Each structure stands twice: as structure tokens, then as C-alpha cells.
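Colleague: Could you take me through this model, with the reasoning behind each answer?

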Amino acid sequence: MDRTVRTVEDVLALLDGLFASESEADRLVTGDGKGFWDRFYADRSRQVPFFVSKPDENLAAYLDQGLIAPGRVLDLGCGPGRNAVYLATRGFEVDAVDLSPVAVAWGEERAHEAGVDVRFLRGDAFALPATEFSGPYDLVVDSGCFHHLPPHRRVSYLALLDRVLAPGGHLALTCFAAGEAGTGSELTDADLYRERDLQGGLAYTPESLRWIFSDLAEVELRRMREEPPESALFGVTFLWTALFRRSAAASGDVRLHDLA
């Protein structure tokens with residue numbers, strides 16, 4: 001008989017296993033999901049909306065409106081690097097991390113074709129050594145990572161933000177919107193553990209996002225704008241886009257660091 005839990009990280013790993021034991025598709029953005037995402041990105045000809053080499057429309061809007069400015073940026077769950085490459089072309093110093101080596105290789109190709117430098121990292125953002133991306137970052141971009149996290153990994157996510165986001169820095173988040181058929185699951189957090197199924201990702205309401213990120217100030221939270229196929233930007237209306245700002249006086253939360 002094994003007793004495997006001694007630390008908070010042991011608890012998080014145990015809860016990860018509740019989902020991983022049921023479906024590989026729910027091993028999404030932590031270490032066990034590598035094979036799933038490698039296969040997902042292997043066929044570049046698939047008609048997947050976010051395979052296109054276009055940045056999110058909200059990122060372009062934030063720049064145009066002067067809400068963000070070039071600085072250091074971390075792209076979490078960067079996939080094939082469409083936002084990372086775009087931000088590098090706009091003068092940002094970009095670190096981009098993804099679980100899938102296949103996605104990262106595609107992103108590196110795109111960066112080379114665009115003639116920009118992006119520092120791509122392969123691995124689980126919650127498991128990589130702190131020295132890999134220690135911050136501080138002026139901007140953390142997440143376009144589709146957060147909504148694939150099981151509820152307990154929000155703890156890890158907030159701890160990561162607490163560690164790497166600079167005082168006065170911004171989080172640019174894009175995630176599934178509740179009330180949209182065929183997108184994210186609307187089961188309660190408790191029911192997700194009863195079902196042991198993330199159903200491909202979790203949907204959020206504006207109120208839930210404001211509560212989860214209540215330590216940050218809301219700059220903007222809205223529906224992503226629909227962009228036509230000929231647009232140079234990516235936009236679909238079943239996603240929320242949010243921009244949150246950390247207090248310029250933020251000094252970190254010891255409790256969150258303890259949970260990182």
C-alpha cells in the first residue's frame with residue numbers, strides 16, 4: 001500500500017490522475033497530454049480555425065489602443081506560435097511555451113519565415129524549472145490554455161502568474177464562453193470530478209473569470225469579434241477575451257508561491 005501525498009504538488013498530481021485515467025483527451029495541458037497534442041498538430045492541413053497564421057484580434061486591438069506596449073512577453077500554450085510571432089514582429093521580446101514538440105517545431109518554422117526571434121520552450125509550464133521563464137514579464141498571453149485546465153490546476157496557474165507577471169503587467173486571456181453550444185463544458189467544478197471528464201475544455205462566465213482573477217484589475221472583458229476569412233486577424237465569437245492588469249505595487253503572495 002502506497003501513501004503518495006505529502007505536498008500540495010502531490011495533491012495536484014493525484015487530482016490530475018482522476019482525469020487522465022478516464023480519457024487521454026483530458027490529459028490536455030499538463031505533462032501527460034503531450035501525445036494527444038502532438039497528434040493534434042501533426043496534420044497541418046486540418047481545418048482547425050486557430051491553425052491559421054493570424055494573431056488574435058484582441059491582441060491587435062490592445063496594441064492599437066495603447067493598452068499594452070512592447071516589452072517582455074510569455075505566451076502560455078503557444079501552439080504553432082501565431083500570437084508569439086505576431087508580437088515579435090511588433091517589437092516584443094517573446095518566450096513561448098507549449099507541451100507539444102510538434103507544435104513548437106511549427107512555431108519555430110513560422111518565426112524563421114517571419115524573420116523574428118522567439119524563444120520557444122517545450123514542456124509543461126507548471127513543471128518546467130523556474131529558471132526557464134523566471135520573468136518578470138510585462139505581458140502574459142494565454143489563447144486557449146486556461147480553459148483546458150482542470151479546476152485544481154487554477155491554483156498552479158495563479159501561482160505561476162504571481163511568480164512571473166511584473167508589477168503593472170498584463171494578462172491577455174482568451175477562453176471558451178459559457179452559453180455557446182458545442183464549445184466548453186458548463187458542468188460545475190464538483191461535477192467535473194464526479195464525471196472525471198473535462199469534455200474538451202471548460203466554459204466560463206464573465207463573473208467566474210472576474211472572481212478567479214480578482215487579484216488583478218479588469219481592463220476589458222468582452223466577446224471576441226468575428227473576423228472574416230480574408231481578415232489578417234483571428235476572431236470567433238464563442239470565446240471571451242479579457243485583459244487584466246496587476247497592481248504596480250504588487251509584491252507577490254507567499255501562499256501562492258508555496259503552491260507553485
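**Gly235 and a pair of helices**

Modeller: This is a predicted model. Gly235 has a relative accessibility of 5%, so Gly235 counts as buried.

Colleague: Where is the place of Gly235?

Modeller: Two strands frame Gly235: β6 covers 217-223 and β7 covers 239-245. The place of Gly235 is the loop between β6 and β7.

Colleague: Which residues is Gly235 in contact with, leaving aside its neighbours within four places in sequence?

Modeller: Pro55 lies 180 residues from Gly235 along the chain, yet their C-alpha atoms are separated by 8.7 Å. With the neighbours within four places set aside, the residues in contact with Gly235 are Glu57, Met224, Arg225, Glu226 and Glu227.

Colleague: Is helix α3 roughly parallel or roughly antiparallel to α4?

Modeller: Helix α3 spans residues 57-64 and helix α4 spans residues 82-89; their axes are 11 Å apart and the packing angle is about 20°. Angles under 35 degrees count as roughly parallel. That angle therefore makes α3, relative to α4, roughly parallel.

Colleague: What is the handedness of the crossing where α3 passes α4?

Modeller: Two packed helices are described by the angle between their axes and the distance between the axes. For α3 passing α4, the crossing is right-handed.

Colleague: How many nonpolar, polar and charged residues does the contact of α3 with α4 have?

Modeller: From α3 come Leu59, Ala60 and Leu63, and these meet Asn83, Tyr86 and Leu87 of α4. By class, the contact of α3 with α4 has no charged residues, one polar and five nonpolar.

Colleague: How many of the eight residues of α4 are buried, and which are they?

Modeller: Helix α4 is mostly covered, with seven of its eight residues buried. What covers those buried residues includes α3, α5 (101-114) and the strands β1 (72-76), β2 (93-98), β3 (118-122) and β4 (137-143). The buried residues of α4 are Arg82, Asn83, Ala84, Val85, Tyr86, Leu87 and Ala88.

Colleague: Which residue just after α4 takes a positive phi?

Modeller: The residue sits just after α4, and its phi is about 95°. The residue is Gly91.

Colleague: What share of the residues in the whole protein is buried?

Modeller: The protein comes to nine helices and seven strands. Its accessible surface is about 12100 Å², with 52% of that belonging to carbon and sulfur atoms. Of the 260 residues, the buried share is 51%.

Colleague: And among contacts with a separation of 6 or more, what percentage comes from residues 24 or more positions apart?

Modeller: Counting contacts in the protein with a separation of 6 or more, residues 24 or more positions apart account for 71%.

Notes
Residues numbered from 1 in each chain as written. Predicted model: local features only at pLDDT ≥ 70, side-chain atom pairs only at ≥ 80, totals over all residues. Heavy atoms only, no water. Axes fitted to C-alpha atoms, helices over the stretch in contact; angles between N-to-C directions. Helix = DSSP H or I, 4+ residues; strand = E, 2+ residues; numbered from the N terminus. Parallel < 35°, antiparallel > 145°, perpendicular 65-115°, else oblique. Left-handed = near helix turned anticlockwise from the far one by under 90°. Contact = heavy atoms within 4.5 Å. Nonpolar A, V, L, I, M, F, W, Y, C, P; charged D, E, K, R; others polar. Buried < 20%, exposed > 50% of the residue type's maximum accessible area, 1.4 Å probe, protein only. Areas by Shrake-Rupley, 256 points an atom, 1.4 Å probe, with all protein chains shown as cover.
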